[in-house]
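This briefing introduces one protein structure for a first-year reader. Please look over the sequence and the model before reading the points grouped by topic.

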Amino acid sequence: MPTISRDPSPHVGARSDRVSGEIAMASFAAAFADVTPIEQDDGPAPVCAIAYAPEYARLMGFFRAILESNERSPRVLELTAALAEHNAAHYTVWHVRRECLWSLAASDSNILTDELRYSAEVARENPKNYQIWYHRRALVEKIRKAAAPVPRCAHRCFEDHANPAARRLRPACA
């Protein structure tokens with residue numbers, strides 16, 4: 001299966017060469033050659049058809065097909081990165097991206113931390129975007145669950161009796 005050309009982190013999609021007109025639709029068409037895009041159905045007489053950019057409309061056609069097939073793979077991560085570049089507030093794109101990450105995390109232990117870095121870059125460009133912050137929160141929660149248990153407290157940290165925060169936390173450590 002052809003792959004979408006990327007830099008060293010192919011499963012996440014680096015910001016340096018993501019969409020913004022830089023990734024040719026031909027590479028997506030090649031990577032999704034086995035997928036028949038599903039066009040948006042606005043019904044027989046749409047009141048106000050939205051004029052999507054042709055590249056976004058084509059990517060969404062692939063995305064609708066992927067939703068229907070329930071595929072979760074590295075190429076789906078690439079597709080969601082491209083769609084998020086066009087519309088970072090698309091909740092379903094971020095949801096599918098998370099599902100894909102959860103599926104791939106079993107075989108790639110670094111994918112979640114790579115995604116945390118990737119989403120930080122997206123969040124810097126879209127600081128008021130709820131979908132990105134929700135996505136990052138879900139990542140942190142997943143990473144925390146996967147991490148080894150941390151000792152409840154390091155008592156030495158709370159030896160500073162002049163520190164009110166230390167006094168408040170000390171009883172919880174007992």
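Two residues are said to be in contact when heavy atoms of theirs lie within 4.5 Å. In this predicted model, the buried residues of helix α4 pack, in that sense, against α2 (54-69), α3 (74-86), α5 (111-125) and α6 (130-146). The points below begin with the protein as a whole and then turn to its helices, its cores and some individual residues.

**The protein as a whole**

- The protein has seven helices and zero strands, and its pattern along the sequence reads α-α-α-α-α-α-α.
- Of the 174 residues in the protein, 39% are buried.
- Among contacts with a sequence separation of 6 or more, 62% are between residues 24 or more positions apart.
- The accessible surface comes to about 10400 Å², and carbon and sulfur atoms account for 56% of that area.

**Helix α4**

- Helix α4 covers residues 91-105, 15 residues in total. At 1.5 Å a residue its expected span is 21 Å, and because its end C-alpha atoms are 21 Å apart, the model agrees with that expectation.
- The buried residues of α4 are V93, W94, V96, R97, R98, C100, L101 and L104.
- As a general point, an α-helix has 3.6 residues a turn, so residues three or four places apart point the same way.

**Helix α5**

- Helix α5 also has an expected span of 21 Å for its 15 residues, and its end C-alpha atoms are 21 Å apart, which agrees.
- Its buried residues are I111, L112, D114, E115, Y118, S119, A120, V122 and A123. The elements covering these buried residues include α3, α4 and α6.
- L116 also belongs to helix α5. With a relative accessible area of 22%, L116 counts as partly exposed, because the buried class requires a value under 20%.
- Leaving out residues up to four places away in sequence, L116 touches R136, L139, V140 and I143.
- L116 and R137 are 21 residues apart in sequence, and their C-alpha atoms are 9.5 Å apart in space.

**Nonpolar cores**

- Which residues have the most contacts inside the largest nonpolar core? They are F28, F32, F63, L79 and L83, in a core of 24 residues.
- Helices α1 (25-31), α2, α3, α4 and α5 are the elements that give two or more residues to this core. The largest contribution comes from α2, with seven residues.
- F63, apart from its neighbours within four places in sequence, is in contact with L79, T80, L83, H90, T92, V93 and V96.
- A second, separate core has eight residues, including Y118, V122, A123 and I132.

**The loop between α2 and α3**

- N70 is located in the loop between α2 and α3. Its phi angle is near 60°, a positive value in a residue other than glycine.
- N70 has a relative accessible area of 52%; it is therefore exposed, since that class begins over 50%.
- E71 lies in the loop between α2 and α3 as well. The side chain of E71 forms a polar contact of 2.5 Å with the side chain of S73 and one of 2.7 Å with the side chain of R75.
- When residues up to four places away in sequence are not counted, E71 touches I66 and V76.

**A buried arginine in α3**

- R75, a partner of E71 in one of these polar contacts, lies in helix α3.
- Is R75 buried or exposed? R75 counts as buried, because its relative accessibility of 9% falls under the 20% limit.
- A further polar contact, of 2.7 Å, links the side chains of R75 and D34.

**Cysteines**

- In general terms, a disulfide is a covalent bond between the sulfur atoms of two cysteines.
- The structure holds zero disulfides.
- C48 has a relative accessibility of 66% and so counts as exposed, that value being over 50%.
- C100 has a relative accessibility of 0% and therefore counts as buried. C100 is also one of the buried residues of α4.

Conventions:
Residues are numbered from 1 along each chain as its sequence is written. This is a predicted model: local features need pLDDT of at least 70, side-chain atom pairs count only at pLDDT 80 or more; totals for chains, interfaces and linings use all residues. Side-chain values use heavy atoms; hydrogens and water are left out. Helices (H or I, at least four residues) and strands (E, at least two) are DSSP runs, numbered from the N terminus. The expected span of a helix is 1.5 Å times one less than its number of residues. Buried means under 20% relative accessible area, exposed over 50%, partly exposed in between (1.4 Å probe, protein chains only). A polar contact is a pair of N or O atoms within 3.5 Å; within protein, one must be able to donate a hydrogen and the other to accept it, and residues adjacent in sequence count only if both atoms are side-chain atoms. A disulfide is a pair of cysteine sulfur atoms within 2.5 Å. A nonpolar core is a set of buried Ala, Val, Leu, Ile, Met, Phe, Trp, Tyr and Cys residues joined through side-chain atoms within 4.5 Å. Accessible areas come from the Shrake-Rupley method with a 1.4 Å probe; for residues, only the protein chains shown count as cover.
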